[in-house]
Amino acid sequence: MHELSIAVAVVEQVEEAVRDQGRAVASLTLRIGELAGVVPEALDFAFALATEGTVLAGARLLIDTVEGRGRCEGCGREAPTGMPPVLWCTGCGATLTLLGGRELEIVRVVLADGPPGAESAEDGPRPAVAGLPTRDEEAGHVPHR
Ligand SMILES: [Zn+2]
């Protein structure tokens with residue numbers, strides 16, 4: 001369960017990037033390889049915690065999953081590794097070199113039209129930022145592994 005630390009790191013990077021914009025973040029797209037060891041549901045949950053009280057509060061998290069792929073060192077065949085990954089060629093039995101599937105990167109940040117807290121009511125009512133627990137207090141309830 002390292003999703004919370006990933007979420008916190010992502011939120012920090014995005015906050016840094018949009019600091020001068022004065023606008024809230026509407027959505028964030030992450031590209032995550034299926035071999036990166038990230039559970040999307042857990043990341044979704046951690047993201048909601050990590051964004052509390054930040055310009056990302058209420059932002060939608062979109063996850064672009066990348067399948068694991070490898071190339072055979074013996075016959076050159078390229079194939080998905082599957083999950084859990086099979087790291088040898090099903091044709092000739094030689095070792096596969098991993099081509100992709102361990103990605104973990106921010107690919108897109110979409111800004112909202114207004115400043116934090118001022119955009120759309122379509123996500124439902126949003127509590128005022130003042131008085132919310134800080135991210136750290138909130139994160140403190142979640143056990144780290
Ligand atoms: Zn092969």
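What geometry does the site of the zinc ion have, given the angles among its four donor atoms? It comes out tetrahedral, with those angles running from 95 to 121°; for four donors, that label asks for all angles to lie between 85 and 135 degrees. This is a predicted model, so local features need pLDDT of at least 70 and side-chain atom pairs count only at pLDDT 80 or more, while totals for chains, interfaces and linings use all residues. Residues are numbered from 1 along each chain as its sequence is written, and side-chain values use heavy atoms, with hydrogens and water left out.

The four donors to the zinc ion are the SG atoms of Cys72, Cys75, Cys89 and Cys92, sitting at 2.3 to 2.4 Å. Donors here are N, O and S atoms within 2.8 Å of the metal (3.2 Å for Na, K and Ca), and since water is not among the atoms, sites may look incomplete. Along the sequence, the donor residues follow the spacing C-x2-C-x13-C-x2-C. How buried or exposed are two of these cysteines, Cys89 and Cys92? Cys89 counts as buried because its relative accessibility is 4%, whereas Cys92, at 45%, counts as partly exposed. The cut-offs are under 20% relative accessible area for buried, over 50% for exposed, and partly exposed in between (1.4 Å probe, protein chains only).

Stepping back to the whole chain, the protein has three helices and six strands. Helices (H or I, at least four residues) and strands (E, at least two) are DSSP runs, numbered from the N terminus. Read from that end, the order of elements is α-β-α-β-β-β-β-β-α. Of the 145 residues, 31% count as buried. The protein exposes about 8,600 Å², and carbon and sulfur atoms supply 52% of that area, as worked out by the Shrake-Rupley method with a 1.4 Å probe; for residues, only the protein chains shown count as cover. As for contacts (heavy atoms within 4.5 Å), take those with a separation of 6 or more: residues 24 or more positions apart account for 73% of them.

Helix H2 covers residues 40–51 and includes Phe47. Its twelve residues should span 16 Å at 1.5 Å a residue, and the end C-alpha atoms are indeed 16 Å apart, so the two agree; the expected span is 1.5 Å times one less than the number of residues. The buried residues of H2 are Ala42, Leu43, Ala46, Phe47, Leu49, Ala50 and Thr51. In general, an α-helix has 3.6 residues a turn, so residues three or four places apart point the same way. After H2 comes Gly53, with a positive phi near 75°.

Phe47 itself counts as buried because its relative accessible area is 4%. Setting aside neighbours within four places in sequence, Phe47 is in contact with Ala7, Val11, Leu28, Leu56, Ala59, Arg60 and Leu61. Its C-alpha atom is also 7.2 Å from that of Leu4, although the two residues are 43 apart along the chain.

Another buried residue turns up in a loop. Gly101 lies between strand E5 (96–100) and E6, and it counts as buried because its relative accessibility is 0%. What does Gly101 touch, not counting residues up to four places away in sequence? The list is Gly33, Glu34, Leu35, Ala36, Val66, Glu67 and Gly68. Gly101 and Ile32 are 69 residues apart in sequence, yet their C-alpha atoms are 7.4 Å apart in space.

Then there are the salt bridges, four by count, each being a side-chain nitrogen of Lys or Arg within 4 Å of a carboxyl oxygen of Asp or Glu. One of them joins Glu105 and Arg31, whose closest N and O atoms are 3.1 Å apart. This pair links distant parts of the chain, with Glu105 in strand E6 (residues 104–111) and Arg31 in strand E1 (residues 25–33), 74 residues apart. Glu105 is partly exposed at 35%, and Arg31 is partly exposed at 30%. Glu67, a contact of Gly101, meets Arg69 in a salt bridge of 3.0 Å, N to O. Here too the partners are partly exposed, with Glu67 at 38% and Arg69 at 28%. In the bridge between Arg19 and Glu16, the N to O distance is 3.7 Å; Arg19 counts as exposed at 56% relative accessibility, as does Glu16 at 53%.

Definitions and conventions
Tetrahedral: all angles 85-135°; square planar, octahedral: opposite > 155°, others 65-115°.
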